[in-house]
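Work through the exercises below with the sequence and the 3D view open. Try each task before you read its solution.

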Amino acid sequence: MESYDLENGETEKPVLPEKTRDVLPCVDRFRMLRDFVVNVQKVIFETKLLVLFPAIPMAFPWIFGLSLLGLTPLAERLSFLTEQIAYFTGPTVGGLVNATCGNATELIIVIFALHKRKMHVLKYSLLGSILSNLLLVLGSSLLCGGIANINKHQKFDHKQANANTLLLLLGLLCHITPLLFNLNMTDPLEMDGISVLQLSRASSIVMLFAYVAYLFFQLKPHTQLFEPLEDQDADDNNIKETASIGCWSAFIWLCLMTLIIAVLSEYVVGTIEDASETWGISVSFISIILLPIVGNAAEHAGSVIFAFKNKLDISLGVAMGSTSQILMFVVPLCVVIAWIMGINMSLDFGLLETGCLAFSIFLTAFTLQDGNSHYLKGVILTLAYVVVGACFFVQHVPLADDSNSNNLKPVGNVVA
């Protein structure tokens, strides 16, 4: 009951009984425990990849294979957590956060490869992530979306695709020029690779500047180009999705998942050569095909699901946005970090590798130029990825010893 102060007309707060005051801390503790259990249920048990989580503790005795397997559910949950954070940041910023954290697995693998001076694993994994997003993720999305909506006319806003394509073509130019410079060298004094390194470092700075300009273009004056079109069916049904867990809870789980991914990624990078010898598969195939498939598992699944729902703008944003970020930000950033660490890393990925990258970008650009989609385009992109995978499956190139930061292995006139 309330008590009143007759002189001042103010209301005094009721005094709780002593037993009630003792119970309140217990109630708060039970509420925190309940919230924790709910978060665990949302993050861990609400994924179809739950059966792969036991591979994480089992990865310690069987290092490479189970570490690779254990990264798959972690990458999928990482995407789920970034989607939860995106509910609190808006669609444009949320999409950028989703693309950034979606590449966290590949970025962590690249960091450990750079730390261990394994430049071949570093370059192959970066190239594989780009090819996987352009051909496999985008191709399977267009294929599945075209089959699921075979009686519908699938259209998407090609302005977003055009902006990403221009960025990719600039990145391709920055990769081709060091390769052509290497192939064109005739003076023995220039074959030490210094000129190629200087060109690569200058090109990397240009690429980083271009990506910053792209982010400003995306977030400030032309935001509407990168926001997905409204779905008429969703508006008719008045369905509005909401976050499953809170923003801070998602952030804490995101940090925990990233830490576990870092541990497993260190095992993957440290044992990739041993796995190559044991399995009889080249390091190039493992790095370019297997690692990106695991790292892009979450983006792959999400892009296909949106394509099934005939939301191609979101599927394109996932695939093309992730590709642009790796090619124009992660790759040049690695060159700059290696420069700071005293490691000689150039943008020359090799003739075969750069050729596959060029044809993949051109094929994707022609596929998306008209703003229409059907399943045949998805078939072409997916089969192109199969051809690229077969190419690196049969390729067996002896690798250089990257333990020394200045130890570069020339292949013909090509410097690592």
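**Exercise 1. Cysteines**

Task: Decide whether Cys174 is buried or exposed, then find how many disulfides the structure holds.

Solution.
- Step 1. Cys174 has a relative accessible area of 7%. Buried means under 20%. Cys174 is therefore buried.
- Step 2. Keep in mind that this is a predicted model.
- Step 3. Recall the bond in question. A disulfide is a covalent bond between the sulfur atoms of two cysteines.
- Step 4. Search the whole structure. The search finds zero disulfides.
- Step 5. Test one case, Cys391. The nearest cysteine sulfur belongs to Cys356 and is 4.9 Å away. A disulfide needs the two sulfur atoms within 2.5 Å, so this pair does not qualify.
- Step 6. Check the surroundings of Cys391. Its relative accessibility is 24%, which counts as partly exposed.

**Exercise 2. The salt bridge**

Task: Find which residue forms a salt bridge with Asp370, and classify both partners by accessibility.

Solution.
- Step 1. Start from the principle. Side chains of opposite charge can pair when their charged atoms come close.
- Step 2. Count the salt bridges. The structure holds one.
- Step 3. Name the partner. Asp370 pairs with Lys377, and their closest N and O atoms are 2.8 Å apart. The cut-off is 4 Å, so the pair qualifies.
- Step 4. Classify Asp370. Its relative accessible area is 42%, so Asp370 is partly exposed.
- Step 5. Classify Lys377. Its relative accessible area is 12%, so Lys377 is buried.

**Exercise 3. A nonpolar patch on the surface**

Task: State which residues form the nonpolar patch, and which helix gives the most to it.

Solution.
- Step 1. List the members. They are Ile147, Ile150, Tyr375, Leu376 and Ile380.
- Step 2. Take their accessible area together. It is about 490 Å².
- Step 3. Assign the helix. Helix 16, residues 375-394, gives the most, with three residues.
- Step 4. Look at Ile147. It sits in helix 6, which covers residues 119-148. With a relative accessible area of 52%, Ile147 is exposed.
- Step 5. Move to Cys144, also placed in helix 6. At 23% relative accessibility, Cys144 is partly exposed.
- Step 6. Link Cys144 to the patch member Tyr375. The two are 231 residues apart along the chain, yet their C-alpha atoms are separated by 7.0 Å.

**Exercise 4. The largest nonpolar core**

Task: Find which residues touch the most other members of the largest nonpolar core.

Solution.
- Step 1. Count the core. It has 83 residues.
- Step 2. Pick out the best-connected members. Leu81, Leu122, Leu126 and Leu138 touch the most others.
- Step 3. Ask which helix gives the most to this core. The answer is helix 6, with 14 residues.

**Exercise 5. An unusual backbone angle**

Task: Explain what stands out about the phi of Arg117, and where this residue is found.

Solution.
- Step 1. Recall the usual case. Most residues other than glycine have a negative phi.
- Step 2. Read the angle. Arg117 is not a glycine, but its phi is positive, about 60 degrees.
- Step 3. Locate it. Arg117 is in the loop between helix 5 (104-115) and helix 6.
- Step 4. Classify it. A relative accessible area of 21% makes Arg117 partly exposed.

**Exercise 6. Contacts between distant parts of the chain**

Task: For Gln325, Thr354, Ser203 and Phe329, give the helix, the accessibility class and a partner far along the chain or in polar contact.

Solution.
- Step 1. Gln325 lies in helix 14, residues 312-341. At 5% relative accessibility, Gln325 is buried. Its side chain makes a polar contact of 3.2 Å with that of Tyr211.
- Step 2. Phe329 is found in helix 14 too. At 32%, Phe329 counts as partly exposed. Phe329 and Ile205 are 124 residues apart in sequence, and 9.7 Å apart C-alpha to C-alpha.
- Step 3. Thr354 lies in helix 15, residues 351-367. Its relative accessible area is 4%, so Thr354 is buried. Thr354 and His175 are 179 residues apart in sequence and 7.2 Å apart, C-alpha to C-alpha.
- Step 4. Ser203 is placed in helix 8, residues 194-219. At 9% relative accessibility, Ser203 is buried. Ser203 and Leu173 are 30 residues apart in sequence and 9.2 Å apart, C-alpha to C-alpha.

Notes: Residues numbered from 1 in each chain as written. Predicted model: local features only at pLDDT ≥ 70, side-chain atom pairs only at ≥ 80, totals over all residues. Heavy atoms only, no water. Patch = residues over 30% accessible without salt bridge, like charges linked within 9 Å, V, L, I, M, F, W, Y side chains within 5 Å. Areas by Shrake-Rupley, 256 points an atom, 1.4 Å probe, with all protein chains shown as cover. Salt bridge = Lys/Arg side-chain N within 4 Å of Asp/Glu carboxyl O. Helix = DSSP H or I, 4+ residues; strand = E, 2+ residues; numbered from the N terminus. Buried < 20%, exposed > 50% of the residue type's maximum accessible area, 1.4 Å probe, protein only. Core = buried A, V, L, I, M, F, W, Y, C linked by side-chain atoms within 4.5 Å. Polar contact = N/O pair within 3.5 Å; in protein donor to acceptor, adjacent residues only side chain to side chain.
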